[in-house]
Structure formats: C-alpha cells, structure tokens
Amino acid sequence: MSFCGKLKTELCNLKTPECCRIAECYGIMLFGRFFSSDKIGIQTENEAVAQNFCYLLRKCFGIYETPVSSNGKRPVHKVYVNNSDDRKKILENLGNEDILYTDILSKECCRASFIRGVFLSCGQCNEPEKNPRIDLIIKNEALVPTVIGLLNDAEIEPNMTVRSGKNVIYLKKSETVEDFITIMGAGNITLELMDLKIIKEVRNNINRRNNAEEANTAKMIEASIKQRNAISYLIKKEKFDILPEELQEVALLRMANKEATLSELCKLSSFPLTRSGLNHRLKRILEVAEKYGFKGEIK
Ligand SMILES: [Zn+2]
C-alpha cells in the first residue's frame with residue numbers, strides 16, 4: 001500500500017471521540033464528490049475511507065449505506081446517500097455546500113477531526129522519502145478560504161495553486177507536513193516520517209562528503225598532471241638545468257611519484273619540506289615553464 005493509503009487507513013482506524021464524529025463526517029461529505037439536495041456521496045480508492053464514512057453516517061444520522069466497490073486496476077469505492085429524506089436530514093443539520101456550518105467546529109478536537117475528514121475526502125500525499133507533500137484538491141472554490149483559515153488556526157501556513165482548473169491547497173515543507181499529520185491524529189505515521197527524514201539527511205550528508213572527496217581527488221590529479229607536463233616540457237626544451245637546485249629536486253620528486261598528494265610528497269622527500277613550501281616550488285616550476293612557452297599541455 002502507498003504511504004498515502006497507509007496514512008488514510010491509519011486515520012480511519014482512530015477512535016473518533018463522540019463530539020468529533022459529526023465534524024469528521026461533515027469534512028468528508030463537504031469535500032467529497034457531491035454535497036447537495038440531489039446528491040451526497042464520496043468516491044475513494046481507499047476502502048477504509050468508504051467504510052469509515054458509512055460508520056459515521058450511521059452514528060451521526062442513523063443512515064445505513066454500504067460501499068459499492070469496483071476492484072479494477074485502480075479500485076473505486078463509492079458511498080452515496082441514496083434516500084432523499086436522508087439527504088434532507090443531513091442538510092438540515094449542516095447547511096449548504098458553499099457556507100461552512102461552524103457550530104460543530106467550536107472545539108479544537110472537532111476542528112482537527114473536520115480537517116481529518118477533509119484530508120480523507122480530497123487529500124493526497126507523496127511518498128515522504130522522496131518529497132513530503134500534502135495536497136488538498138478542492139472543487140468548490142468558495143470553500144478554499146475556509147480551509148486556509150482552519151489551517152492557519154492550527155498554525156499551519158499552506159500554499160495555494162490551481163492545477164487543471166482545480167484549486168489545490170498544498171503543504172510541502174517536511175515540518176509542515178508532519179504538523180498536519182500530527183493534527184489529524186496519526187502520530188505513529190509522523191514518527192515514521194521523522195525517521196525517514198533522519199535517514200534522508202544522513203544519506204545526503206554522506207553523498208555530499210563523497211562528492212567533496214571526489215572533487216578534491218580530481219583536483220589533485222589534475223594539478224599533478226599539469227605539474228608533470230610542465231616538467232616534461234622543460235626537459236624537452238632543454239631548460240631543466242636552468243632551474244635552481246631546490247626546484248630540480250622537487251621536480252624529480254614529482255616525476256617519480258605521479259599520484260602522490262602534496263603531504264605524501266613531503267614525507268617522501270629526502271630533504272625537509274613543508275606542504276606550502278612544496279606547493280610554492282611547484283608553482284615556481286610552472287611559472288618558469290610558462291615563461292618558455294608552456295601552455296598546460298605538451299605539444
Ligand atoms: Zn470534538
């Protein structure tokens with residue numbers, strides 16, 4: 001099961017306190033497929049969401065419905081309130097689809113349950129290991145400010161975009177995604193997310209370190225090739241002998257130890273030599289070679 005599927009299933013398995021049930025049910029319906037006197041219903045890929053909605057309809061309104069499922073490549077589970085009297089009963093309690101009925105959202109626990117319902121109905125999330133992200137795809141534009149307001153109340157700052165003509169409220173910072181999941185009540189998943197984040201950070205650090213090491217090695221090899229080319233050039237142009245003795249010594253040391261780092265060369269030297277001293281001498285050799293026409297490569 002995808003992370004999103006797992007998260008939704010876990011949310012459905014929570015024991016919703018009695019006072020919160022109607023708020024959760026309302027969140028599911030209002031952001032579901034239909035919420036009007038003609039049709040009330042949801043359509044979901046997640047069976048737990050469909051079952052949970054049926055449970056809430058029963059507990060809150062005494063309405064008995066069962067999911068209608070088709071199990072193709074992408075399973076679809078539909079739950080519709082089929083009886084018009086039942087729909088009337090719901091709307092009498094909760095008002096119409098454009099205005100949020102706030103009476104049932106006065107308590108913090110109920111607001112959190114409402115948000116959970118919204119997510120169950122119209123929410124999507126990415127695999128957190130790749131890029132944590134929560135999307136709430138909202139068909140009814142009139143409800144966008146309401147959702148943003150509720151999230152702001154919970155100290156979550158969402159972003160907003162329009163994708164394929166639909167309003168999408170999204171969260172993409174991993175801390176914000178974690179906060180959102182925690183508010184909805186899936187603490188276990190948040191812990192899992194944090195573990196994943198730590199693993200990801202460690203992995204990134206290792207990559208960064210490896211890259212830095214590789215870059216250093218590459219730089220070192222490049223420098224060694226250039227130094228050796230300069231020395232070969234001087235020999236070819238019969239200018240090696242004009243180098244002062246201390247430079248000749250260093251040149252021979254470099255030629256004899258192609259892959260040695262500066263520190264290794266210092267250790268190999270038969271005379272006392274510091275890294276910066278060695279570096280300075282190698283630079284001087286390069287300058288002499290360039291004075292005689294060396295351009296970095298041997299022609
Ligand atoms: Zn409550």
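This passage walks through a predicted model of a protein, from its overall form to its sheets, one of its helices and two of its buried residues.

A good place to begin is the protein as a whole. Its secondary structure comes to eleven helices and eight strands. The C-alpha trace spans about 105 × 35 × 35 Å along the principal axes. The radius of gyration is 34 Å, whereas a compact globule of 299 residues would have a value near 19 Å. Buried residues account for 31% of the 299 residues. Of the contacts between residues at least 6 apart in sequence, 64% join residues at least 24 apart.

The next stop is the open sheet that contains β1. Four strands form this sheet, in the order β1-β2-β4-β3, and their pairing is antiparallel. Strands β1 and β3 (68-70) stand at the edges; each has a single partner strand, so one side of each is left without a neighbour in the sheet. Strand β1 (residues 34-35) is joined to β2 by two bridges, and the two run antiparallel. Together β1 and β2 form a hairpin, with four residues between them. Within this pair, Phe35 stands opposite Ile40 in β2.

Strand β2 also has a partner in β4. Four bridges join β2 to strand β4 (residues 76-80), again in the antiparallel sense. Across this pairing, Ile42 stands opposite Val79 in β4, and Thr44 has His77 as its bridge partner. How do the residues of β2 (residues 40-44) divide between a covered face and an uncovered one? The covered face holds Ile40, Ile42 and Thr44, while Gly41 and Gln43 make up the uncovered face. This pattern is a familiar one, because in a regular strand the side chains alternate between the two faces of the sheet.

Just before β1 in the chain comes helix α2 (residues 18-30), in which Leu30 lies. Leu30 counts as buried because it has 26 C-beta neighbours inside 10 Å, and 20 are enough for that label. Leaving aside residues up to four places away in sequence, Leu30 touches Phe35, Glu97 and Leu143. One of these, Phe35, is the residue that stands opposite Ile40 in the β1-β2 pairing. For a sense of distance, Leu30 and Asn204 are 174 residues apart in sequence, and their C-alpha atoms are 41 Å apart in space.

Another open sheet of four strands has the order β5-β6-β8-β7, with antiparallel pairing. Its edge strands are β5 (123-125) and β7 (159-163), each of which pairs on one side only. On average, neighbouring strands in this sheet are turned by 30 degrees against each other, with direction ignored. Strand β5 pairs with strand β6 (residues 134-138) over three bridges, in the antiparallel sense. Here Gly123 stands opposite Leu136 in β6. Helix α5 (residues 108-122) packs on the sheet and touches both β5 and β6; the direction of α5 makes about 80 degrees with that of β6.

Further along the chain, helix α9 (residues 245-256) offers a clear view of a helix with two sides. Its twelve residues reach 17 Å from the first C-alpha to the last, close to the 16 Å expected at 1.5 Å a residue. Which residues of α9 are buried? They are Val250, Ala251, Leu253 and Arg254. These residues cover an arc of only 160 degrees around the axis, and therefore they lie on the same side of α9. On the other side of α9, Glu245, Leu252 and Ala256 are exposed.

Val250, found in helix α9, deserves a closer look. Why does Val250 count as buried? The reason is that Val250 has 26 C-beta neighbours inside 10 Å, where the cut-off for a buried residue is 20 or more. Not counting residues up to four places away in sequence, Val250 touches Leu278, Arg281, Leu282 and Ile285. Val250 and Cys266 are 16 residues apart along the chain, and 9.5 Å separates their C-alpha atoms.

Technical notes:
Residues numbered from 1 in each chain as written. Predicted model: local features only at pLDDT ≥ 70, side-chain atom pairs only at ≥ 80, totals over all residues. Pairing = 2+ DSSP bridges. Axes fitted to C-alpha atoms, helices over the stretch in contact; angles between N-to-C directions. Contact = placed C-beta atoms within 7 Å. Expected span 1.5 Å × (residues − 1). Buried ≥ 20, exposed ≤ 12 C-beta atoms within 10 Å, placed from the backbone. Arc of directions from axis to C-beta. Rg over C-alpha atoms; globule rule 2.2 N^0.38 Å.
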